[in-house]
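Grab your viewer and work through a few exercises on the model below. Try each task yourself before you read the solution.

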Amino acid sequence: LNITDNSFSDGGLYNDFEKAKEHLLEMISDGADIIDIGAESTKPYSSPVSAEEQLQKLIPIIDFAKNKTTISIDTRSSLVARECLKAGANIINDVSGLEYDKNMAYVIATYNCPVIIQHSKGTPENMQNCPQYNDVIEEIFLALQEKIKFARSKGIENIIIDPGIGFGKTRENNFEIIRRVEEFKSLGCPVMLGVSRKSFLETQEDTYTAIFNALAVERNVDYIRVHNVKMHKNLLDLMQMFMIK
């Protein structure tokens, strides 16, 4: 649920509180297990949004949603994370992997909540400026391994990892991550993948997203972050019916 005016897929559609509430209820009805809510776009070349501006949008929707679903907050700010957790959020999704705000790990540990730690090469402002790797899977693996070690040293145990599709990766890098995503399972944490409507697909049609998410689920990814909930709920039901997973 992107309550921003510039998110890459649906920027501005749910920036209004009433529209955000309506879409949140629709996603729950369609079968979403977790609603990931963000008030700061981290698409390539986007600029940071202040904690105060994020909170003005996030707190009302958390108050509305907190008894209806599990809430994940997509933020890099420890202040936003703290206030959202106080308000009733359940999970923090930090695309910087605890690097952007050095107080984030302390907040996560204090509230003893799950955290999604993502790999990102650079920041949204510069991450797509010719990203290069010698071995993309090995480098992401080692970076996530260090992030997990750091998080655990701060008392954080409930960790979900995300290799960061589209965050400082080329199109070929993204394909390689999906092909070999199961290798990240050996890090000992659940794996999340965010393929949905990313630019490497070169289309906004959700059918293409569903194809790659089917491959990811077949490779034992634990969480998929999607925009079209109903399509993916139907996909998962069909895969379960045919015992693909």
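The exercises below deal with a predicted model, and each comes with a worked solution.

**Exercise 1. One face of a helix**

Task: Work out which residues of helix 4 are buried, and where they sit around the axis.

Solution:
- Step 1: Pick out helix 4, residues 104-111; its buried residues are M104, A105, V107 and I108.
- Step 2: Look down the axis of helix 4. The buried residues stay within an arc of 160°, so they line one face of the helix.
- Step 3: Check what that set packs against: helix 3 (78-87), strand 3 (91-94), strand 4 (115-118) and helix 5 (136-153).
- Step 4: Step past the end of helix 4 and you hit N112, which has a positive phi, near 50°.

**Exercise 2. Zooming in on A105**

Task: Is A105 buried or exposed, and which residues does it touch beyond four places in sequence?

Solution:
- Step 1: Place A105 first; it belongs to helix 4.
- Step 2: The relative accessibility of A105 is 3%, and the cut-off for buried is under 20%, so A105 counts as buried.
- Step 3: With residues up to four places away in sequence left out, A105 touches L98, F150, K154 and I156.
- Step 4: For a distance check, try A105 and Q54: they are 51 residues apart in sequence, and their C-alpha atoms are 19 Å apart in space.

**Exercise 3. The nonpolar cores**

Task: Find which residues touch the most other members of the largest nonpolar core, then follow the contacts of F184.

Solution:
- Step 1: The largest nonpolar core has 61 residues, and the ones touching the most other members are L1, I37, I73 and F184.
- Step 2: Take F184 and ignore its neighbours within four places in sequence. What's left is I137, I140, F141, L144, I161, P163, I177 and V191.
- Step 3: Don't stop there: a second, separate core has five residues, among them A210, A214, V217 and M239.

**Exercise 4. R225 and its acidic partners**

Task: Which parts of the chain are tied together by the salt bridge between D36 and R225, and which by the one between D74 and R225?

Solution:
- Step 1: Start with D36 and R225, whose closest N and O atoms are 2.8 Å apart in a salt bridge.
- Step 2: D36 is in strand 1 (residues 34-38), while R225 is in the loop between strand 7 (223-224) and helix 8, so this pair ties together parts 189 residues apart in sequence.
- Step 3: Now D74, which forms a salt bridge with R225 with the closest N and O atoms 3.3 Å apart.
- Step 4: D74 is in strand 2 (residues 70-74) and R225 in that loop between strand 7 and helix 8, so the pair links parts 151 residues apart in sequence.
- Step 5: Add burial. D36 is buried at 11% relative accessibility, D74 is buried at 9%, and R225 is partly exposed at 25%.

**Exercise 5. Other salt bridges and a surface patch**

Task: How many salt bridges does a search of the whole structure find, and which residues form a nonpolar patch with L238?

Solution:
- Step 1: The search of the whole structure gives 17 salt bridges.
- Step 2: One pair to look up is E157 and R152, at 3.9 Å from N to O. E157 is exposed at 54%, whereas R152 is partly exposed at 36%.
- Step 3: Next, a network of salt bridges links E176, R179, R180 and E183.
- Step 4: For the patch, L238 joins M241 and F242 on the surface, and together they have about 360 Å² of accessible area.
- Step 5: L238 itself is in helix 8 (residues 229-241) and is partly exposed at 44% relative accessibility.

Terms used. Residues are numbered from 1 along each chain as its sequence is written. This is a predicted model: local features need pLDDT of at least 70, side-chain atom pairs count only at pLDDT 80 or more; totals for chains, interfaces and linings use all residues. Side-chain values use heavy atoms; hydrogens and water are left out. Patches are made of residues with over 30% relative accessible area and no salt bridge: like charges are joined within 9 Å, nonpolar side chains (Val, Leu, Ile, Met, Phe, Trp, Tyr) within 5 Å. Accessible areas come from the Shrake-Rupley method with a 1.4 Å probe; for residues, only the protein chains shown count as cover. A salt bridge is a side-chain nitrogen of Lys or Arg within 4 Å of a carboxyl oxygen of Asp or Glu. Helices (H or I, at least four residues) and strands (E, at least two) are DSSP runs, numbered from the N terminus. Buried means under 20% relative accessible area, exposed over 50%, partly exposed in between (1.4 Å probe, protein chains only). The arc is that of the directions from the helix axis to the C-beta atoms. Contact means heavy atoms within 4.5 Å. A nonpolar core is a set of buried Ala, Val, Leu, Ile, Met, Phe, Trp, Tyr and Cys residues joined through side-chain atoms within 4.5 Å.
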